[in-house]
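Q: Please give me a close look at one part of this chain, set within its overall build. I should like each technical term explained once, with its cut-offs.

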Amino acid sequence: GCELEGWYTDASLTNKWYFTNGVTQNMTLYANWVSYCTIKFEANGGTAVADAQVLGGTYYYGNTYSEKEGHYLVGWFTDVNLTTEFDFYINPITSDITLYAKWEAYIYDVNFNSLGGSRVDYQEVEHGKHATKPVDPTKAGYTFCGWYKERSCINKWDFANDVVTGYTNL
């Protein structure tokens with residue numbers, strides 16, 4: 001919207017008039033109207049970011065912080081398909097705009113320690129996804145009993161239901 005910034009004695013709006021100056025002769029005053037633009041932030045599953053009001057034609061350097069568990073913020077984009085990133089340092093705000101957060105999931109290593117058995121390769125798994133059950137390791141004289149969440153083999157890892165939420169050792 002528009003807002004009255006002030007009154008000026010010249011049409012080029014360089015000499016601001018203050019009414020405390022007093023009037024000693026007839027004069028023409030010129031209104032300087034400024035517009036404000038609204039930035040709406042669509043966090044796409046992240047924590048909310050408050051809308052911002054910015055003087056039209058200026059840059060926004062305010063709060064854009066949002067967080068989403070297991071993800072990092074790639075940036076803010078001008079389109080819902082997240083194809084055009086908005087650069088706050090080179091793009092002034094000239095109209096109302098909605099910006100959309102683009103997130104990428106963290107990738108974690110899932111390490112398989114066979115405790116003396118044959119080698120099992122680690123996996124890279126996206127946050128919140130399932131690790132793939134590897135081929136059972138072998139160890140002479142032993143029967144493989146499964147993968148566990150801790151070295152003492154108390155809580156069995158359920159490949160169908162357990163999800164990876166950080167670096168994991170099984």
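**Strand β3 and its surroundings**

A: Read from start to end, the chain follows the pattern β-β-β-β-β-β-β-β-β. It holds 0 helices and 9 strands; helices (H or I, at least four residues) and strands (E, at least two) are DSSP runs, numbered from the N terminus. The radius of gyration is 30 Å, well over the 15 Å that the globule rule gives for 170 residues, so the chain is more spread out than a compact globule. That radius is taken over C-alpha atoms, and the globule rule is 2.2 Å times the number of residues to the power 0.38. The C-alpha trace spans about 110 × 30 × 20 Å along its principal axes.

This is a predicted model, in which local features need pLDDT of at least 70 and side-chain atom pairs count only at pLDDT 80 or more, while totals for chains, interfaces and linings use all residues. Residues are numbered from 1 along each chain as its sequence is written, and side-chain values use heavy atoms, with hydrogens and water left out.

The part chosen for the close look is strand β3, which covers residues 30–42. Strand β3 pairs with strand β4 (residues 52–55) in the antiparallel sense over 4 bridges; two strands pair if DSSP finds at least two bridges between them. Within β4, Gln53 stands opposite Thr38. Strand β3 is also joined by 4 bridges to strand β6 (residues 97–105), and these two run parallel. Here Ile39 stands opposite Ile97 in β6. In a regular strand the side chains alternate between the two faces of the sheet.

The surroundings include a nonpolar surface patch formed by Leu4, Trp7, Phe19 and Trp33, with about 440 Å² of accessible area together. Patches are made of residues with over 30% relative accessible area and no salt bridge, with like charges joined within 9 Å and nonpolar side chains (Val, Leu, Ile, Met, Phe, Trp, Tyr) within 5 Å. A salt bridge is a side-chain nitrogen of Lys or Arg within 4 Å of a carboxyl oxygen of Asp or Glu. Accessible areas come from the Shrake-Rupley method with a 1.4 Å probe, and for residues only the protein chains shown count as cover. Leu4 lies in strand β1 (residues 2–8). Its relative accessible area is 32%, so Leu4 is partly exposed: buried means under 20% relative accessible area, exposed over 50%, and partly exposed in between (1.4 Å probe, protein chains only).

Two loop residues share an uncommented backbone feature. Leu13, in the loop between β1 and β2 (16–17), has a positive phi of about 60° although it is not a glycine. Leu82 also has a positive phi of about 60° and is not a glycine; its place is in the loop between β5 (71–77) and β6. Leu13 counts as partly exposed because its relative accessibility is 28%, and Leu82 is partly exposed at 22%.

For the chain as a whole, buried residues make up 31% of the 170 residues. The chain exposes about 11,300 Å², of which carbon and sulfur atoms supply 49%. Among contacts between residues at least 6 apart in sequence, 46% join residues at least 24 apart, where contact means heavy atoms within 4.5 Å.
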